Amino acid sequence: MIRSPVDNLLPYYRYAQRVQNDLFLLRSRGINLIPQIGYFVTETEQLQLIKLTGTVPAHYKGGTYNIPVLFWLPIDYPSKPPIVLVTPTPNMVIKQQHQHVDQLGVVYHSYLVDWNTTKALVGLYDILVEIFSRDPPVRAVQQMSRSINPMETSFVRNVPQTTNPFPNELLNMKNQLTRKIQEAFRNHISSAPQKIEHLMQQEKQLAATDASLAEEKKRLLGHLDSVYIEQAKLLSMEEEVNRWIQQHQSMEEDKSFQLPALLDPLTNQYLEAVAQEKTFEEILLYLNQALIKGKLDLQSFLKVHADVARQQFLNRALINKI
């Protein structure tokens, strides 16, 4: 079986099977885009790539017009988006200030800017049909003094001219201008992949930053839950201390209660430890408020919190021992 040039070039594509599947989907829908091979020229290199040439229908004001287009598939497709160009025939010109097509024919659309591997050529084709039907990117050239409706003639019809209307010097100027436009076009096209790549890198960096911030927020919320649990324990201890104080106050009011019994060293040590526990509680509460209000960075918070928690643990051990 004779292999086509496109089949011979496919193995050099990083995702050859995906490229083959997308080309098959175009054929299965009868879309007029013919796969070929061509040389994509940049400022630094010349790449042999798969290109799709054909037309995209524009359903405009009751008629259907064929817009000639050219797709270039990068060697990393579909990791990188295709480059789409409108390629007007000699009897067409690109409209000025078109929303999605510049004067060199390069197509710009959010579908290409936000390109990812879940998107495909069929979806891109449908987008082009939609935007070209809303506003065709080309119009017919007006010849001589005859007034022609911009959408009057078929875009794929090319009537050959039998005579040359340009004198020699005008023809030379025309050729020079054509070369300059072609050079500007090549420069513009060569920079398009880099611009798209830069936008994709920025999108990846923003996504990574969002994920990092979400993870840090989750971790801080978990730590905040621990702080609330400790706070609840301290409140419980405070209630216990208050009950103890009330009990001893009632004993003091009792005439049969002996004051020296309250002043024994062990009781004084217990009261001092409980007062110290209250101090630790207030410190942890202020630390928590400072972190939430952004007056204290996380690293400083963790360092001070660890030191206070250690001292609090030793103080609690003393209370339990007493």
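1. Two strands are taken as paired if DSSP finds at least two bridges between them, and it is in this sense that β1 and β2 pair, antiparallel, over nine bridges. Within that pairing, Tyr39 stands opposite Gln48 in β2, and the connection between β1 and β2 is a hairpin of four residues. The model discussed here is a predicted one, and the points below should be read with that in mind.

2. On the overall make-up of the chain, seven helices and six strands are present, and along the sequence they follow the pattern α-α-β-β-β-β-β-α-α-β-α-α-α. Of the 322 residues in the chain, 33% are buried. Among contacts in the chain with a separation of 6 or more, 58% are between residues 24 or more positions apart.

3. The sheet itself is open and consists of four strands in the order β1-β2-β3-β4, with antiparallel pairing. Because β1 (33-41) and β4 (83-86) stand at the edges and each has a single partner strand, one side of each is left without a neighbour in the sheet. From one strand to the next, the twist averages 35 degrees.

4. The pairing of β2 with β3 is antiparallel and extends over eleven bridges. Two facing pairs can be used to follow this register in the model: Thr53 stands opposite Leu70 in β3, and Lys51 stands opposite Trp72 in β3. The two strands form a hairpin with two residues between them, and Lys61, which is in the turn, has a positive phi of about 50 degrees.

5. How many bridges join β3 to β4? Strand β3 (residues 63-73) is joined to β4 by four bridges, and the two run antiparallel. Here Trp72 stands opposite Ile83 in β4, while Phe71 has Val84 as its bridge partner in β4. Trp72 therefore links the two descriptions, since it is set opposite Lys51 and also opposite Ile83 in β4, where β4 is an edge strand with a single partner. As for its surroundings, β3 is mostly covered, nine of its eleven residues being buried.

6. Two helices should be examined together with the sheet. Helix α2 (residues 16-28) packs on the sheet and touches β1, β2 (46-60) and β3, its direction making about 25 degrees with that of β2. Helix α4 (residues 121-134) lies across β1, β2, β3 and β4, and runs at about 45 degrees to β2.

7. The backbone deserves a residue-by-residue look at a few places, given that most residues other than glycine have a negative phi, and most peptide bonds are trans. Tyr77 and Pro78 are joined by a cis peptide bond, with omega at about 10 degrees, and Pro78 lies in the loop between β3 and β4.

8. Is Lys61, the residue in the loop between β2 and β3, buried or exposed? Its relative accessibility is 75%, and because a residue over 50% is classed as exposed, Lys61 counts as exposed. The positive phi of about 50 degrees at Lys61 occurs although this residue is not a glycine.

9. Gln97 is another residue that has a positive phi, of about 55 degrees, although it is not a glycine. Gln97 is placed in the loop between β5 (92-94) and α3 (110-113), and with a relative accessible area of 79% Gln97 is exposed.

10. A further point concerns the second largest pocket, whose volume is about 410 Å³. Which residues lie closest to its centre? Of the 21 residues in the lining, these are Phe40, Leu47, Lys80, Pro193 and Gln194. Both β2 and α5 (168-253) supply at least two residues each to the lining of this pocket, and the largest share, seven residues, comes from α5. By residue class, the lining of the second largest pocket divides into eleven nonpolar, five polar and five charged residues.

How values were computed
Residues numbered from 1 in each chain as written. Predicted model: local features only at pLDDT ≥ 70, side-chain atom pairs only at ≥ 80, totals over all residues. Heavy atoms only, no water. Axes fitted to C-alpha atoms, helices over the stretch in contact; angles between N-to-C directions. Contact = heavy atoms within 4.5 Å. 1 Å grid on protein atoms, 1.4 Å probe; cavity = no way out; pocket = protein on both sides within 12 Å on 5 of 7 lines; lining within 4 Å. Points joined across faces, edges and corners; volume = space filled by probe spheres on them. Nonpolar A, V, L, I, M, F, W, Y, C, P; charged D, E, K, R; others polar. Buried < 20%, exposed > 50% of the residue type's maximum accessible area, 1.4 Å probe, protein only.
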